[in-house]
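Please explain how this protein is built, beginning with its overall architecture and continuing to individual residues.

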Amino acid sequence: MACSSRVVLPTGKVSGTQRDRSRVHNDTNIDSEFAASLHQSCPVTEEDDSVSSLDGSPARFDTGYFNNLLQKKGLLHSDQELYKGDGGASDGLVKFYSGSSEGFWIDFGVSMIKMGNLSPLTGSPGEIRVDCRKVN
């Protein structure tokens, strides 16, 4: 999968919510004010069903996701890994998409078509997991 696809496809989930206590309470590559605001709604214990929006504009599908990553405000650890600030290939794409809605939409469309053309494994080579976190 091309680097641009690995960067644009995660935006397809930004209209959702998530619990990621480990990132909020343990990661160091998170904006401290952002983490502090999440501490209030996401306690360390897992005794509640608190969730946070994956994006600052959850009702819109836009490039706000990339702006959040530039500010170290990605809710999920895996999202923030797309922008580490170390000059890697994905850093450049995050910067590009944060300032170019047109570039994002073009690359997102191309990536979705490529993903739609993938042939899923079926039969014995494929596996549908009972629990997505574990191999059957």
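The paragraphs below proceed from the whole chain to a pair of helices and then to single positions.

The model is predicted, and its confidence deserves attention at the outset. The mean pLDDT of the protein is 79, and 74% of the residues score at least 70. Confidence varies along the chain: among the elements, strand S1 (residues 17-18) has the lowest mean pLDDT, 55, whereas helix H6 (residues 89-99) has the highest, 94. Where pLDDT is low, the predicted coordinates should not be read in detail.

The protein contains seven helices and two strands. Read from the N terminus, these elements follow the order α-β-α-α-β-α-α-α-α. Of the 136 residues in the protein, 35% are buried. Among the contacts with a separation of 6 or more, 64% are between residues 24 or more positions apart. One example of positions distant in sequence involves alanine 2, which belongs to the segment before helix H1 (3-8). The C-alpha atoms of alanine 2 and serine 111 are 8.6 Å apart, although 109 residues separate the two in sequence. Alanine 2 counts as partly exposed because its relative accessibility is 35%, a value between the limits of 20% and 50%.

Helix H6 merits a fuller description. The buried residues of H6 are Ser90, Asp91, Leu93, Val94, Tyr97 and Ser98. Viewed down the axis of H6, these buried residues fall within an arc of 165° and therefore line one face of the helix. Ala89 and Gly99, on the other side of H6, are exposed. What do the buried residues of H6 pack against? Their partners are H1, helix H4 (64-70) and H7.

The pairing of H6 with H7 can be followed further. Two packed helices are described by the angle between their axes and the distance between the axes. For H6 and helix H7 (residues 101-116), the axes come within 5 Å and cross at roughly 115°. On the H6 side, Phe96, Tyr97 and Gly99 make the contact, and on the H7 side Ser101, Gly103, Phe104 and Asp107 do so. Classified by type, the residues in this contact of H6 with H7 are three nonpolar, three polar and one charged. Tyr97 thus appears both among the buried residues of H6 and in the contact with H7.

Attention now turns to helix H5 (residues 77-80), in which glutamine 80 is found. Is glutamine 80 buried or exposed? With a relative accessibility of 1%, glutamine 80 counts as buried, since the cut-off for burial is under 20%. A polar atom of the glutamine 80 side chain lies 2.9 Å from the backbone oxygen of leucine 69. Aspartate 79 also lies in helix H5, and its relative accessibility of 3% is why aspartate 79 counts as buried. The side chains of aspartate 79 and tyrosine 65 are joined by a polar contact of 3.0 Å.

The loop between H4 and H5 includes lysine 72. Most residues other than glycine have a negative phi, and most peptide bonds are trans. Against that background, the phi of lysine 72 is near 60°, a positive value in a residue other than glycine. Because its relative accessibility is 38%, lysine 72 counts as partly exposed.

Definitions and conventions: Residues are numbered from 1 along each chain as its sequence is written. This is a predicted model: local features need pLDDT of at least 70, side-chain atom pairs count only at pLDDT 80 or more; totals for chains, interfaces and linings use all residues. Side-chain values use heavy atoms; hydrogens and water are left out. Helices (H or I, at least four residues) and strands (E, at least two) are DSSP runs, numbered from the N terminus. Buried means under 20% relative accessible area, exposed over 50%, partly exposed in between (1.4 Å probe, protein chains only). A polar contact is a pair of N or O atoms within 3.5 Å; within protein, one must be able to donate a hydrogen and the other to accept it, and residues adjacent in sequence count only if both atoms are side-chain atoms. pLDDT is the predictor's confidence in each residue, from 0 to 100. Axes are lines fitted to C-alpha atoms, for helices over the stretch in contact, and angles run from 0 to 180 degrees between N-to-C directions. Contact means heavy atoms within 4.5 Å. Ala, Val, Leu, Ile, Met, Phe, Trp, Tyr, Cys and Pro count as nonpolar, Asp, Glu, Lys and Arg as charged, and the others, Gly among them, as polar. The arc is that of the directions from the helix axis to the C-beta atoms.
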